[in-house]
Structures are given as C-alpha cells and as structure tokens.
Amino acid sequence: MRLFMHKTSPNFCTQPISDGSHRVVVSLGSNLGRRIINLHTAVTALVKIAVSDVGCSAVYETNPVGYLDQGKFLNMVACFHTQLQVRELLSYLQQVETACGRRRTIRNGPRTLDLDILLYDQEYVCYRDLQVPHPRMWQRGFVLVPLAELLPDTRLLGGETVYQLAKSWVATEEVRYVGRFW
Ligand code: ADP
Ligand code: MG
C-alpha cells in the first residue's frame, strides 16, 4: 500500500483562512451499487458548495468495520472551503446521501454513500446529532490513510499527527490503494 505525504496537499488545505469561508474536510465512503460512480457523484455535489478547489485524496478499498457481513468499501477524503455553517453542511451532505439512494437500515451497514464531516475549521462542535471533529476518525484506517495525503501534520490536543497515526495502518492491508480519479 502507498502512503503519500505532502505530495498532493493543495495549499488551501493548510493555509490560514481570511475570506470568511470555512475549511472543511469530509470523508466519503461507498460499498453498495456502483461505488466509484457514487464517489464521483458526491465530489460533484461538494464542488457545488465549495468556494475553493476541492482537494481529493486517492481512493482506497477497505474492509468493513463494525458490521462485517457486507461488501468492501471505497473510501476517500476531500478538503475545500465553503460558506455553509456546520449544520447547513450536515444537512446538505445528508441530502446528497439520500439522492444517491442511501437507505438508513442497520448501523454501520451497507450504504451507497456515507458522507461524514471530519473537520470544520479548528472548531469543536458537540450536538446530539453532530460531533466535529468526527469522534471516531482517529481510530479509522479508512479515514486516516487518505487524510494523511491532505493533512499529514494535523493533530488534536497534543496527540500524534495524522501521518503518525496513519502509518500504523500501512502494514495491516486493511486499507488498499486503488487509484486517483481526480
Ligand atoms: P456513521 O457515519 O457513523 O457510519 P451514519 O452515517 O449512519 O453513521 O450517521 C449516523 C448519524 O451520525 C447521522 O444521522 C448524523 O446526525 C450523526 N453525526 C454525528 N456527527 C457527525 C459528523 N461529524 N458527520 C456526519 N454525521 C454525523
Ligand atoms: Mg455517516
């Protein structure tokens, strides 16, 4: 498996924001239907709310986590600037999931499209239905490995960087590089 570092980081992912927009990082996943088409549809939808380029990681194939009796996922992450507030962003992402045929059945079950907000500026958000940074992102190889392409040096609360955390997944074969589509 390949783990990129810095090579693909778009500048806007790491530079300070001064225009009133918000830097967001979203994770994308699909294990049902035409998975790569679903990811492409999602990126197209993100472009519509972005006021910057949309920086995309490569796509990785990953084993399901939690509920194991389901197909493999394709995962990637995207980083961009938007004018949307964080709750507006969640609502938009859920509409995109639904438009892509997402049915909410079992928790962690198969889905045509899963869009999660990983980071929103440097903010900590805690509502019943929305926590940012995403509380489980630091233990998920399918998030950390693609995220290490875009934000390798990011860390929370004095912990390890994304790159350091992602490295421990490299030997596991749980997260396999597929390719770059954008
Ligand atoms: P998961 O993404 O954890 O596999 P779901 O996609 O089914 O699970 O989401 C379950 C709920 O998680 C959503 O209804 C949403 O309200 C909530 N949620 C909490 N924090 C976030 C976040 N950062 N991004 C997206 N959804 C979130
Ligand atoms: Mg989700």
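1. Some groundwork before the notes: a residue is exposed if 12 or fewer other C-beta atoms lie within 10 Å of its own, buried if there are 20 or more, and partly exposed in between. Glutamate 173 has 10 such neighbours within 10 Å, so this residue is exposed. Its phi is positive, about 65°, although Glu173 is not a glycine. You'll find it in the loop between helix 4 and strand 8 (175-179).

2. Keep in mind that this is a predicted model. The average pLDDT of the protein is 90, and 92% of the residues score at least 70. The part to be wary of is residues 1-7, where the pLDDT is below 50; even so, that stretch has 16 contacts in the model beyond near neighbours in sequence. As for the helices and strands, confidence is lowest in helix 4, with a mean of 92, and highest in strand 7, at 98.

3. On the overall fold: four helices and eight strands, running β-α-β-β-β-α-β-β-β-α-α-β from the N terminus. The radius of gyration is 15 Å, close to the 16 Å that the globule rule gives for 182 residues, so the protein is as compact as a globular protein of that length. If you're setting up a box, the C-alpha trace spans about 45 × 35 × 30 Å along its principal axes. Of the 182 residues, 38% count as buried. Looking at contacts between residues at least 6 apart in sequence, 72% join residues at least 24 apart.

4. Now the core. The largest nonpolar one has 46 residues, and Val26, Val77, Ala78 and Leu144 have the most contacts inside it. Elements that each supply at least two residues of this core include strand 1 (22-30), helix 1 (35-49), strand 4 (73-82), helix 2 (86-99), strand 5 (114-120) and helix 3 (141-150). Val26 is a good place to start browsing: leaving out residues up to four places away in sequence, Val26 touches Leu46, Val77, Ala78, Leu93, Leu115, Asp116, Ile117 and Leu118.

5. Which residues surround ligand 1? They are Leu90, Asn108, Asp114, Asp116, Ile117, Asp129, Leu130, Gln131, Val132 and His134. By character, this shell divides into four nonpolar, three polar and three charged residues. Strand 5 and strand 7 (130-132) each supply at least two of them. Asp116 and Ile117 from this shell also appear among the contacts of Val26.

6. One for the backbone checkers: the peptide bond joining Val132 and Pro133 is cis, with omega about -5°. Val132 is one of the residues around ligand 1, while Pro133 lies in the loop between strand 7 and helix 3.

7. Asp121 also deserves a look, with a positive phi of about 45° although it is not a glycine. This residue lies in the loop between strand 5 and strand 6 (125-127). Is Asp121 buried, exposed or partly exposed? It has 14 other C-beta atoms within 10 Å, so it counts as partly exposed.

8. Last, Arg102, a charged residue in the loop between helix 2 and strand 5. With 20 C-beta neighbours inside 10 Å, Arg102 counts as buried, because 20 is where that class begins. Beyond residues up to four places away in sequence, Arg102 touches Glu97, Arg111, Thr112 and Leu113. Arg102 and Leu113 are eleven residues apart in sequence, and 6.2 Å apart in space from C-alpha to C-alpha.

Technical notes. Residues numbered from 1 in each chain as written. Chains lettered and ligands numbered in written order. Predicted model: local features only at pLDDT ≥ 70, side-chain atom pairs only at ≥ 80, totals over all residues. Core = buried A, V, L, I, M, F, W, Y, C linked by C-beta atoms within 7 Å. Contact = placed C-beta atoms within 7 Å. Near = placed C-beta within 6 Å. pLDDT = per-residue confidence, 0-100. Rg over C-alpha atoms; globule rule 2.2 N^0.38 Å.
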